[in-house]
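Subject: Handover of a structure

Hello,

I am passing this structure on to you. Please look it over first; my notes on what was found follow below.

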Amino acid sequence: MTDVPAPIEAFDAEAIEAARKLFAGPITFLRSAPALQHLPDPVVPEIAFAGRSNVGKSSLLNALTGRNSLARTSVTPGRTQELNFFDVGDPLRFRLVDMPGYGFAKAPKDVVRKWRYLVNDYLRGRVVLKRTLVLIDSRHGIKDVDREVLEMLDKAAVSYRVVLTKADKIKASELAAVHAATVAEARKRPAAHPEVLATSSEKGMGIPELRAAVIESID
Ligand SMILES: Nc1nc2c(ncn2[C@@H]2O[C@H](COP(=O)(O)OP(=O)(O)OP(=O)(O)O)[C@@H](O)[C@H]2O)c(=O)[nH]1
Ligand SMILES: [Mg+2]
């Protein structure tokens with residue numbers, strides 16, 4: 001017997017199917033908020049995507065919604081520069097929020113500061129924010145720059161779930177090791193969900209499960 005959790009957490013078939021249906025329905029871009037005064041009215045639950053620049057936030061949003069170009073992605077870090085809101089469901093059930101990345105060394109300092117304030121203020125102060133998905137590149141695991149964000153979320157008691165991205169880029173054995181280390185760290189953090197999902201937006205791995213996890217957190 002082993003108690004090492006699998007990289008892909010099991011959800012029951014009904015939850016997977018209900019989530020698939022919801023994400024296959026209407027999803028539309030609502031607006032970009034370059035500053036807090038442009039946020040939409042907080043009328044439905046929100047799920048935010050956070051993580052280092054280039055970790056795959058916009059790609060994961062596209063994979064979840066099954067739409068290739070809903071959120072803009074790029075090989076160059078720093079693509080997403082505002083908070084982008086997407087409406088899910090008709091009638092509206094919840095919103096997905098794609099955010100600028102952190103830890104992007106090449107961006108000018110004042111730009112980085114602006115993004116950081118925007119993201120941090122949103123994360124700490126948004127009443128309808130149900131959960132933040134904190135994305136971590138499978139090849140790198142949790143880095144100090146990620147830990148700063150996790151600490152901020154812990155202190156502000158903002159519920160989050162760590163999600164590994166780009167799982168297709170490493171071998172299964174390497175993925176198992178980084179997953180185990182990430183779970184161990186998540187379980188020590190007060191505001192973190194105890195499970196960590198490994199995903200690949202490229203190959204679709206972990207996507208049905210992450211959909212179910214999103215729905216679970218808004219219900
Ligand atoms: N192989 C592989 N590549 C991926 C995956 N997810 C994202 N990428 C690639 O990683 C690069 C960055 O993806 P984005 O989704 O734009 O990353 P981001 O986190 O939104 O980046 P910023 O908006 O700059 O913070 C792109 O070239 C994607 O094609 C994945 O699951 N597998
Ligand atoms: Mg992006």
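Two strands count as a pair if DSSP finds at least two bridges between them. Strand 6 (residues 160-165) and strand 7 meet that requirement, with two bridges in the parallel sense. Leucine 164 has alanine 198 of strand 7 as its bridge partner. Please keep in mind that this is a predicted model.

The sheet

These two strands belong to an open sheet of seven strands, whose order is 1-3-4-2-5-6-7 and whose pairing is mixed. Which strands stand at the edges? They are strand 1 (27-33) and strand 7 (197-198). Each has a single partner strand, so one side of each is left without a neighbour in the sheet. In general, the strands of a sheet pair through backbone hydrogen bonds, and do so either parallel or antiparallel.

The ligands

There are 22 residues around ligand 1, and those that come nearest are Lys57, Ser59, Gly78, Thr80 and Asp168. Some of the contacts can be given atom by atom. An N or O atom in the side chain of threonine 80 lies 2.8 Å from an oxygen atom of the ligand. For arginine 79 it is a polar backbone atom that lies 2.8 Å from a ligand oxygen. Glycine 56 also uses its backbone, with an N or O atom 2.9 Å from an oxygen of ligand 1. On its own, ligand 1 has 650 Å² of accessible area, and the protein covers 89% of it.

Ligand 2 is a magnesium ion, and its protein donors are Ser58 (OG) and Thr80 (OG1), at 2.1 to 2.2 Å. The two donors come from distant parts of the chain, 22 residues apart. Serine 58 sits in helix 2 (residues 57-65), while threonine 80 is in the loop between helix 2 and strand 3 (83-88). Are these donors buried or exposed? Serine 58 is buried, at 7% relative accessibility, and threonine 80 is buried too, at 10%. Threonine 80 therefore has a part at both ligands: its OG1 is a donor to the magnesium ion, and its side chain has an N or O atom 2.8 Å from an oxygen of ligand 1, while its 10% relative accessibility places it under the 20% limit for buried residues.

The salt bridges

How many salt bridges does the structure hold? The count is 13. One of them joins the side chains of arginine 126 and glutamate 46, with 2.7 Å from N to O. This pair links parts of the chain that are 80 residues apart: arginine 126 is in the loop between helix 3 (109-125) and strand 5 (129-137), and glutamate 46 is in strand 2 (residues 46-51). Arginine 126 is buried, with a relative accessible area of 11%, and glutamate 46 is buried at 0%.

In another salt bridge, aspartate 137 and arginine 139 have their closest N and O atoms 2.8 Å apart. Here aspartate 137 is buried at 8%, but arginine 139 is partly exposed at 36%.

Glutamate 185 and arginine 147 form a further salt bridge, at 2.7 Å between the closest N and O atoms. Glutamate 185 lies in helix 5 (residues 172-186) and arginine 147 in helix 4 (residues 144-155), so the pair ties together parts 38 residues apart in sequence. Both belong to one network of salt bridges with shared partners, made up of Asp144, Arg147, Glu151, Asp154, Glu185 and Arg189.

Regards

Conventions: Residues numbered from 1 in each chain as written. Chains lettered and ligands numbered in written order. Predicted model: local features only at pLDDT ≥ 70, side-chain atom pairs only at ≥ 80, totals over all residues. Heavy atoms only, no water. Salt bridge = Lys/Arg side-chain N within 4 Å of Asp/Glu carboxyl O. Helix = DSSP H or I, 4+ residues; strand = E, 2+ residues; numbered from the N terminus. Buried < 20%, exposed > 50% of the residue type's maximum accessible area, 1.4 Å probe, protein only. Donors = N, O, S within 2.8 Å, 3.2 Å for Na, K, Ca; no water. Near = heavy atom within 4 Å. Polar contact = N/O pair within 3.5 Å; in protein donor to acceptor, adjacent residues only side chain to side chain. Areas by Shrake-Rupley, 256 points an atom, 1.4 Å probe, with all protein chains shown as cover.
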